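Got the viewer open? Let's take a walk through this one, one selection at a time.

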Amino acid sequence: MNVKPSFEKGINHAATAPAFLSVWDMHAYYGESYIVQGISFNVHEGEILALLGRNGAGKTSTLRSIARIGDPEVTQGEIWLDHQPLHNMSSHEAAQLGLGLVPEDRRIIPGLTVEENLKLAQIAPPIGWSIERLYDLFPRLGERRMQEGTTLSGGEQQMLSIARALARDIKVLLLDEPYEGLAPVIVDEIEKTLGIIKEQGITTIIVEQNAVRALQLADRAVILDTGGIVFDGTAAEVLENEELRSEYLAI
Ligand SMILES: Nc1ncnc2c1ncn2[C@@H]1O[C@H](COP(=O)(O)OP(=O)(O)OP(=O)(O)O)[C@@H](O)[C@H]1O
Ligand SMILES: [Mg+2]
């Protein structure tokens, strides 16, 4: 059996409940470029964690490292999901274990309808998220089930991308800038849905330039700066701390 390391040596660990997802001393490179510079943090089950920081701080690289994409290359560190070591796994194995990355470019499959996009993502037989349940969560997708996915509006494509991840019955949702380019009213809609997804027990890491929106939704926040962690605490602490916000988030 795999035993999760205790991590008591680490900094910035919320040492209370055992973590569902643990990142421990993770280092990653794009070729010679040292990008993720030894970061450690925990995410508890059912929690929403906002992963924030300025442009180029390493947020996308951190999500890609956790999802085992292979680029950047993780050279050191441990990643544990629900007592399973992710750090030795391929992206495919990590996905099978329940990790769902929704990348910034949304990856809708061209030439397929909304429903075909969902069916292709769905594991068979579906455990939790049937197509109908996904349409209940995102009524706009139900209304457009026969429309080609790539012809959806930006907000609808974001919804389809999240629905595709859920169709795989994930445990952890990794969202890279889900609000990017969307009107506030659509952001409201997606934010509400992320709240419902949380109520279903799914754990979420949200990377967002719109830090205030992300912090309003999140339980906790981790702030990155040049590949290292400069803050790990509650979302409320960041919202209340003007110095932290102006120094690292420019808000
Ligand atoms: N494929 C790559 N090859 C080399 N360097 C890269 C590559 N992708 C990203 N980087 C560099 O890694 C650093 C971190 O990038 P990353 O995309 O993780 O930042 P980010 O916090 O997501 O930024 P943003 O808010 O702009 O999306 C940046 O300096 C970036 O230039
Ligand atoms: Mg990014």
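Where along the chain is the place of G56? Select G56 and you land in the loop between β3 (48-52) and α1. Bear in mind as you look around that this is a predicted model. G56 counts as partly exposed, because 13 other C-beta atoms lie within 10 Å of its own.

**Stop 1: the ligand shell**

Keep G56 selected and bring up ligand 1. G56 is one of the residues surrounding ligand 1, along with Y30, S33, I35, G53, N55, A57, G58, K59, T60, S61 and Q209. Colour that shell by class and you'll get 3 nonpolar, 8 polar and 1 charged. Now switch on the secondary structure: β2 (33-43) and α1 (59-66) each put at least two residues into the shell. The largest share, 3 residues, belongs to α1.

**Stop 2: a cis peptide**

Carry on past α1 to the loop between α1 and β4 (73-81), where P72 sits. Zoom in on the bond joining D71 and P72: this is a cis peptide bond, with omega about 10°.

**Stop 3: the two domains**

Zoom out and colour by domain. Domain 1 takes in 1-98 + 171-246, and domain 2 covers 100-169. Their centres, taken over C-alpha atoms, are 23 Å apart. Across the boundary, 18 residues of domain 1 are in contact with 13 residues of domain 2. On the domain 1 side, α1, β7 (172-176) and α7 (184-199) each supply at least two residues. The largest share of that side, 5 residues, comes from β7. By class, the domain 1 side has 12 nonpolar, 3 polar and 3 charged residues. Notice that α1 turns up here again, having already helped to build the shell around ligand 1.

To get a feel for distance, draw a line from the C-alpha of G56 to the C-alpha of G154: the two are 98 residues apart in sequence and 24 Å apart in space.

**Stop 4: helix α6**

Next, select residues 154-167, which make up helix α6. Its 14 residues reach 20 Å from first C-alpha to last, close to the 20 Å expected at 1.5 Å a residue. Is α6 largely enclosed or largely open? Largely enclosed by the rest of the structure, because 12 of its 14 residues are buried. Show them as sticks: E156, Q157, Q158, M159, L160, S161, I162, A163, R164, A165, L166 and A167.

What covers them? Add β6 (99-102), α3 (114-121), α4 (131-137), α5 (139-143), β7 and α7 to your selection, as the cover over the buried residues of α6 includes these. Two of these names, β7 and α7, are familiar from the side of domain 1 that touches domain 2.

**Stop 5: two positive phi angles**

Just after α6, pick D169, which takes a positive phi of about 60° despite being a residue other than glycine. D169 is in the loop between α6 and β7. With 16 other C-beta atoms within 10 Å, D169 is partly exposed.

For the last selection, go to R106, in the loop between β6 and α3. R106 isn't a glycine either, yet has a positive phi of about 70°. Is R106 buried or exposed? R106 is buried, because 20 other C-beta atoms lie within 10 Å.

How values were computed. Residues are numbered from 1 along each chain as its sequence is written. Chains are lettered from A and ligands numbered from 1 in the order in which they are written. This is a predicted model: local features need pLDDT of at least 70, side-chain atom pairs count only at pLDDT 80 or more; totals for chains, interfaces and linings use all residues. A residue is near a molecule or strand if its C-beta atom, placed from the backbone, lies within 6 Å of it. Helices (H or I, at least four residues) and strands (E, at least two) are DSSP runs, numbered from the N terminus. Ala, Val, Leu, Ile, Met, Phe, Trp, Tyr, Cys and Pro count as nonpolar, Asp, Glu, Lys and Arg as charged, and the others, Gly among them, as polar. Domain bounds come from an automatic or database domain assignment. Two residues are in contact if their C-beta atoms, placed from the backbone, lie within 7 Å. The expected span of a helix is 1.5 Å times one less than its number of residues.
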